[in-house]
Amino acid sequence: LRRALEREEISILYQPIVRLEDRSIAGFEALARWDHPKLGRVGPSEFISIAEEIGLIVDLGMFVMDRTARQLAIWQQSMRHRGPIFASVNVSSRQLLRHDLIHDLRSVLSRSAVARGTLKLELTESLVMENPEHAAQMMHRIRELGAGLSLDDFGTGHSSLAYLQRFPFDTIKIDQSFVRTTNRGTRPVLLKSIIAMAHDLGMDVVAEGAESDSDAVELYQLGCEYAQGFAFGEPMSADAARRLLAEERLEAAQ
Ligand code: C2E
Ligand code: MG
Ligand code: MG
């Protein structure tokens with residue numbers, strides 16, 4: 001895995017996050033892949049935990065953050081006709097608990113001219129709850145530097161509602177298990193309440209795992225403003241993402 005990073009076998013795919021109101025692209029989430037010379041393409045669930053164990057996650061995380069910020073700056077420069085899109089990057093606990101994250105983030109932001117607040121870091125509940133005091137401190141510094149903060153996989157961890165108010169998240173990403181219909185064909189009852197609660201706290205809501213058009217329609221009716229999922233595009237190369245943005249521009253001009 002160490003060598004993979006040096007040999008540039010780690011690539012980044014970008015999955016669109018869509019504004020449900022008009023289905024325009026609001027941003028992308030960066031998702032790491034390992035193109036192994038023998039095993040082929042390996043997903044993050046197979047190597048992120050290993051990278052965490054051996055401490056490589058710091059370098060890997062920095063790589064993803066830097067690449068994504070550069071990519072985001074290119075997209076934003078080529079689309080000055082519309083509001084800036086955002087890009088979000090997943091952050092592991094090992095990264096958040098190290099003070100160097102602030103230093104790394106500062107250098108990433110100084111190298112790439114991205115609009116303020118449009119590079120977002122995605123944290124999970126479990127990671128934040130490991131050390132809430134320290135996490136809160138780090139998160140305030142991250143926001144001060146001009147990065148955004150999303151709470152990833154909401155609903156799968158402890159969901160400590162009291163803490164939600166204390167942490168400076170601008171976005172909540174609702175886990176796919178809450179988005180998917182149950183075997184009786186209905187959405188989990190909590191979905192509507194989670195969306196309302198996030199809005200009361202002044203946060204935007206992204207629904208993860210929107211796989212069908214009916215998912216998208218219903219999410220919009222429930223007041224959810226953004227969605228991500230196979231209904232709007234699978235994780236794709238930076239080039240494919242650029243083509244998608246260009247197509248959208250053409251359609252808007254017609
Ligand atoms: P995540 O951050 O919750 O990312 C969303 C995952 O859901 C992605 O899996 C994505 O491909 C998948 N997904 C998107 N739309 C749909 C859908 O409509 N249906 C279904 N069933 N799945 C969908 P992926 O790419 O395998 O990533 C898995 C997890 O690995 C991520 O979950 C994230 O926690 C972690 N991860 C990925 N890249 C990185 C990274 O660069 N750093 C760190 N620390 N973690 C990463
Ligand atoms: Mg994520
Ligand atoms: Mg997630």
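This note goes through the strands of a predicted model and then the site of its ligand.

1. Strand β2. This strand covers residues 24-36. Eleven of its 13 residues are buried, so β2 is largely enclosed by the rest of the structure. Buried here means a relative accessible area under 20%. The pairings of β2 with β1, β3 and β4 are taken in turn below.

2. β1 and β2. Strand β1 spans residues 10-19 and runs antiparallel to β2, with ten bridges joining the two. Within this pairing, P16 stands opposite F28 of β2. The two strands make a hairpin, and four residues lie between them. One residue of that turn, R23, has a positive phi of about 60 degrees.

3. β2 and β3. Strand β3 consists of residues 40-42. Three bridges connect β3 with β2, and the two strands are antiparallel. W34 has V42 in β3 as its bridge partner. This is again a hairpin, with three residues joining β2 to β3.

4. β2 and β4. In contrast to the hairpins, the pairing of β2 with β4 is parallel, and four bridges hold it. Two positions can be used to follow it in the model. F28 has A87 as its bridge partner in β4, and A30 has V89. F28 thus appears in two pairings, opposite P16 and as the partner of A87. For anyone tracing side chains along these strands, a general rule applies: in a regular strand, side chains alternate between the two faces of the sheet.

5. β4 and β5. Strand β4 takes in residues 86-90, and four of these five are buried, so this strand too is largely enclosed by the rest of the structure. Besides pairing with β2, β4 pairs with β5, residues 119-124, in the parallel sense over four bridges. In this pairing S88 stands opposite K120 of β5.

6. E9 and W34. Where does E9 lie? E9 belongs to the loop between α1 (2-6) and β1. Its relative accessibility is 14%, so E9 counts as buried, the limit being 20%. The E9 side chain makes a polar contact of 3.0 Å with the side chain of W34. W34 is also the residue whose bridge partner in β3 is V42.

7. The ligand shell. Ligand 1 sits in the largest pocket. How many residues surround ligand 1? There are 22, and the closest are N90, S92, D152, E211 and F230. Which element gives the largest share of this shell? The answer is β2, with four residues. At least two residues of the shell come from each of β2, α2 (44-53) and β6 (148-154).

8. Polar atoms at the ligand. Three side chains can be checked here. Q15 has a polar side-chain atom 3.0 Å from a nitrogen atom of ligand 1. The side chain of N90 places an N or O atom 2.9 Å from an oxygen atom of ligand 1. For D153, an N or O atom of the side chain is 3.0 Å from an oxygen atom of the ligand. Taken alone, ligand 1 exposes 800 Å², and the protein buries 81% of that area.

9. Points to keep in view. β2 is largely enclosed and gives the largest share of the ligand shell. N90, within the residue range of β4, is one of the closest residues to ligand 1.

Technical notes: Residues numbered from 1 in each chain as written. Chains lettered and ligands numbered in written order. Predicted model: local features only at pLDDT ≥ 70, side-chain atom pairs only at ≥ 80, totals over all residues. Heavy atoms only, no water. Buried < 20%, exposed > 50% of the residue type's maximum accessible area, 1.4 Å probe, protein only. Pairing = 2+ DSSP bridges. Near = heavy atom within 4 Å. Polar contact = N/O pair within 3.5 Å; in protein donor to acceptor, adjacent residues only side chain to side chain. Areas by Shrake-Rupley, 256 points an atom, 1.4 Å probe, with all protein chains shown as cover. 1 Å grid on protein atoms, 1.4 Å probe; cavity = no way out; pocket = protein on both sides within 12 Å on 5 of 7 lines; lining within 4 Å. Sits in = over half its atoms within 2 Å of the grid points.
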